[in-house]
Amino acid sequence: MTDPDSAAPAGSDSIRAASCADDYDPNSMPVDKARAFIDRFVAPITGTRRVPVRDALGQVLAEDIVSPFDVPLADNSAMDGYALRHSDVDGREGVTLKVVGTAFAGRTFNGEVAPGECIRIMTGGVVPAPLDCVVPQEHTRPGDGVVTFGAGLRRAQNVRYAGEDIRRGAVVLRRGQWMRPAEVGLLASLGIGDATVYRRLRVAFFSTGDELVSIGGSLGEGQVYDSNRYTIHGMLSRLGVDLIDMGVVRDEPAKLEAHFAEAARMADVIITSGGVSVGEADFIKQMLDRMGEVVFWKIAMKPGRPLAYGRIGGAHFFGLPGNPVAVMATFYQFVREPLLKMMGRDPMPLLPMFKATCTAPLKKAPGRTEFQRGVLSAGADGGWQVKPTGEQGSGILSSMSLANCFIVLPVDQGNAPAGTVVDVQMFEGLV
Ligand code: AMP
Ligand code: MG
């Protein structure tokens, strides 16, 4: 990407220089350190576009929204009942007032209300000055042209005052706000029909591997269908980015180079799967060194050991491992947040994590952070419980489908008995 509005890496930091830091060990990169490293080089895109408010859903606001008026616009009633002067009843019980009119929502009462008088009012109806108290109809005794009130009325009760929700001129939504249904509705409530959002991030992705067959082809021995492109497509779709699906690319240097070059021309971000593990990485490494700045890591995590990150042309590059579960785990841990940041979303939400009691013994060797797949459910004691899905191999994609969360086990954790309290990270909400 050479557009002036591209997702340019932040600052003048060089990825290569950063990878020469003293405490940097590419062969055993802690998860948090890799995340922090990537974060340094990621900045929001600058391009924006004006869209009808409905199309802003799922996008990121690129302007502050200021309320053009008080919300609510006028003092109005929160109940169906009667509006009166509090001073007419002040502390007394059984006061009877004359009913001189009715205020409906959208149909204001325009007459005068003299002392000793009141009006009937519906929810949302404007409370005319100087009335300052609304009594719900079930707390009244209506008579012929009059109504009698009980005791205990307070001034301002059941009156929604002008501006009590939002003051005119107040900032209602800030740049960086992710637009959910509530925010879209909020803009509509202010009569705002268009909004400026960040342009959509362009993300190109392809799978690498000689063994991969696309859907429609038949499988020979040693071949597998390319599933990574489908999980990546799904995870990216949920983020609301523009997708550029570049298919399957064989492990041939010329083909790979051409695809990387084209992806860098078209996209803000390039995501690949496969080809970054030891042995395979060597020729890709040399190629990417020529094309940009890329670091290759062995992350101290399971699944998802190999990971490449860097820049090719003006595009950010995430080289994910090939194993299907590793692809999803590394996407969630290393790609999702940088993409949200590039999309302009601010402040970055932390990945939601909470505690649950594990109902089965945990198998784990110390040394790496593990993202085991689990099923979280409500426990009998009112807390949360989680059960591992069984086999945890990084190729077992069905484990992701069975699960609704990651069980996140810290580096030093070893085997643990059933009943251990663990951290879990829900899938829903991640993307
Ligand atoms: P790699 O990282 O390229 O060595 O691949 C590791 C493992 O993941 C191998 O068993 C591959 O067959 C498998 N794999 C790689 N890419 C894909 C893909 N796109 N879809 C499904 N499996 C894959
Ligand atoms: Mg491969």
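Select Ser207 together with ligand 1 in this predicted model, and you will find an N or O atom of the Ser207 side chain 3.5 Å from a nitrogen atom of the ligand. Keep ligand 1 in view and add Asn228, where a polar side-chain atom lies 3.2 Å from a nitrogen atom of the ligand. Then add Ser277, whose side chain places a polar atom 3.1 Å from an oxygen atom of ligand 1. Taken alone, the ligand exposes 490 Å², and 79% of that area is buried by the protein.

Next, widen the selection to the whole shell around ligand 1, which holds 15 residues, the closest being Glu211, Asp226, Ser227, Gly275 and Glu280. If you colour this shell by residue class, you should see three nonpolar, nine polar and three charged residues. Turn on a surface display here, and the site to look for is the largest pocket, in which ligand 1 sits.

From the pocket, move to the enclosed spaces of the protein, where two cavities of 30 Å³ or more are counted. Which residues should be selected to see the lining of the largest cavity? They are Gln59, Val60, Tyr198, Arg199, Arg200, Leu201, Gly240 and Met343, and the space that they line has a volume of about 50 Å³. Coloured by class, this lining divides into four nonpolar, two polar and two charged residues.

Before leaving this cavity, colour the protein chain by domain, using domain 1 (14-47 + 199-342), domain 2 (50-71 + 165-198), domain 3 (76-160) and domain 4 (353-426). Why does the largest cavity lie between domain 1 and domain 2? The reason is that both domain 1 and domain 2 give residues to its lining, so the cavity is placed between them.

Now select the lining of the second largest cavity, which is made up of His86, Val89, Asp90, Gly91, Arg92, Gly150, Ala151, Gly152 and Leu153. The volume of this second largest cavity is about 40 Å³, and its lining contains three nonpolar, four polar and two charged residues.

For a last stop, zoom out with the domain colours still on and select domain 2 and domain 4, whose C-alpha centres lie 39 Å apart.

Methods. Residues are numbered from 1 along each chain as its sequence is written. Chains are lettered from A and ligands numbered from 1 in the order in which they are written. This is a predicted model: local features need pLDDT of at least 70, side-chain atom pairs count only at pLDDT 80 or more; totals for chains, interfaces and linings use all residues. Side-chain values use heavy atoms; hydrogens and water are left out. A residue is near a molecule or strand if one of its heavy atoms lies within 4 Å of it. A polar contact is a pair of N or O atoms within 3.5 Å; within protein, one must be able to donate a hydrogen and the other to accept it, and residues adjacent in sequence count only if both atoms are side-chain atoms. Accessible areas come from the Shrake-Rupley method with a 1.4 Å probe; for residues, only the protein chains shown count as cover. On a 1 Å grid over the protein atoms alone, a cavity is a set of points where a 1.4 Å probe fits but cannot get out, and a pocket is an open set with protein on both sides within 12 Å along at least five of seven lines; lining residues have an atom within 4 Å of a point. A molecule sits in a cavity or pocket if more than half of its atoms lie within 2 Å of its grid points. Ala, Val, Leu, Ile, Met, Phe, Trp, Tyr, Cys and Pro count as nonpolar, Asp, Glu, Lys and Arg as charged, and the others, Gly among them, as polar. Grid points are joined across faces, edges and corners, and a volume is the space filled by probe spheres set on the points. Domain bounds come from an automatic or database domain assignment.
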